[in-house]
Amino acid sequence: MNIILLGPPGAGKGTQAQRLVEHHGMRQLSTGDMLRAAVKAGTPVGLEAKAVMERGELVSDEIVSKLIDAELTAMGDSVGAIFDGYPRTEAQAHSLDEILAGHGRSLDYVIELEVDEDALVERITGRFTCAACGEGYHDVFKQPRVPGVCDKCGSTEFKRRPDDNEDTVRTRMAEYRAKTAPILPVYEARGIVRRVDGMADIAEVTGAIEAILAG
Ligand code: AMP
């Protein structure tokens, strides 16, 4: 199974991808995570991407498509793939078709998380993660059970993404509207788009996605 989770920043793509990984042993391919790792490691890709990401603009199509191809090669062809935050432009959608074909894969579903954009700014600017295990939290919606201690691994270190501030979030949303939303019709023409209410509870959204995957 190969699926794309599509939706604006803060729609819950990463959260849902993690749940599918836990339930189905699929692999999450998040170009955002790959780029953040490259920035942290100071690789040439990271050096090129850092400032672009801080502005909330899109990194070049060539860079992200290469990252995806390398990851698919590394993971082998028998594991299901969840594309999270990729493709984000028509050129990337085209590259993904070619890359998948090269790995003997094809897309099963494009799942669009439908969300109210005004609510997204609050969702994004309040989010933080455990610095050790990556578990996600939120200032308003999901504080750790014991303040300052990760529920999952007990770490007391947390971090926030530098691009989760209001100005950058507005740019990221504008990029989504201008460049990413227009790729939906390509997939609609293939009859593989399914829509899910991304404003529902996390567990309800997961349930709706599971129902789609179960056919
Ligand atoms: P994300 O974690 O998906 O919100 O991505 C964070 C940032 O990484 C984005 O605002 C872009 O700057 C960059 N990025 C992630 N994925 C892509 C992509 N597929 N194409 C271009 N830029 C990307």
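These legends describe close-up views of a predicted model. Local features need pLDDT of at least 70, side-chain atom pairs count only at pLDDT 80 or more, and totals for chains, interfaces and linings use all residues. Residues are numbered from 1 along each chain as its sequence is written, and side-chain values use heavy atoms, with hydrogens and water left out.

**View 1. The shell around the ligand.**
The ligand has 16 residues around it. Thr31, Arg36, Glu57, Gly85 and Gln92 come nearest. A residue is near a molecule or strand if one of its heavy atoms lies within 4 Å of it. By class, the shell holds six nonpolar, four polar and six charged residues. Here Ala, Val, Leu, Ile, Met, Phe, Trp, Tyr, Cys and Pro count as nonpolar, Asp, Glu, Lys and Arg as charged, and the others, Gly among them, as polar. Helix H2 (residues 31-41) gives the most to this shell, with four residues. Helices (H or I, at least four residues) and strands (E, at least two) are DSSP runs, numbered from the N terminus.

**View 2. Polar contacts to the ligand.**
A polar contact is a pair of N or O atoms within 3.5 Å; within protein, one must be able to donate a hydrogen and the other to accept it, and residues adjacent in sequence count only if both atoms are side-chain atoms. Arg36 places a polar side-chain atom 2.9 Å from an oxygen atom of the ligand. For Arg161, a polar side-chain atom lies 3.1 Å from a ligand oxygen atom. Gln92 meets a nitrogen atom of the ligand: an N or O atom in the Gln92 side chain is 2.9 Å away. The protein buries 96% of the 480 Å² that the ligand exposes when taken alone. Accessible areas come from the Shrake-Rupley method with a 1.4 Å probe; for residues, only the protein chains shown count as cover.

**View 3. Thr31 at helix H2.**
Thr31 lies in helix H2. Is this residue buried or exposed? Thr31 is buried, with a relative accessible area of 3%. Buried means under 20% relative accessible area, exposed over 50%, and partly exposed in between (1.4 Å probe, protein chains only). Thr31 is also one of the residues that come nearest to the ligand. The C-alpha atoms of Thr31 and Gly134 are 16 Å apart, with these positions 103 residues apart along the chain counted as their separation.

**View 4. The sheet S6-S5-S7.**
Three strands form an open sheet in the order S6-S5-S7, with antiparallel pairing. Its edge strands are S6 (136-138) and S7 (158-159), each pairing on one side only. Strands of a sheet pair through backbone hydrogen bonds, either parallel or antiparallel. Two strands pair if DSSP finds at least two bridges between them. Strand S5 (residues 127-130) and S6 share three bridges. Among the bridge partners, Arg127 faces His138 in S6, and Thr129 faces Gly136 in S6. S5 and S7 pair over two bridges. Cys130 stands opposite Phe158 in S7.

**View 5. The S5-S6 hairpin and the four cysteines.**
S5 and S6 form a hairpin with five residues between them. Gly134 in the turn has a positive phi of about 85°. An unreviewed UniProt entry gives the annotation "binding site" to Cys130, Cys133, Cys150 and Cys153. These cysteines span 24 residues in sequence, yet no two of their C-alpha atoms are more than 8.6 Å apart, so they gather at one spot. UniProt positions are given in the numbering used here, feature names are shortened, and annotations may be inferred rather than shown by experiment. Cys133 lies in the loop between S5 and S6. Cys133 is partly exposed, at 36% relative accessible area.

**View 6. Lys13 and the other annotated positions.**
The unreviewed UniProt entry also lists "binding site" positions that include Gly10, Lys13, Thr15, Arg127 and Ala200. Lys13 sits in helix H1 (residues 13-24). Lys13 is buried, with a relative accessible area of 11%.

**View 7. Pro87 and Thr180.**
Pro87 is in the loop between strand S3 (81-84) and helix H5 (90-102). Pro87 counts as buried at 1% relative accessibility. The C-alpha atoms of Pro87 and Ser30 are separated by 10.0 Å, although these residues are 57 residues apart along the chain. Thr180 is found in helix H7 (residues 166-180). Thr180 is buried, at 3% relative accessible area. Its side chain reaches the backbone oxygen of Arg88 at 2.7 Å.
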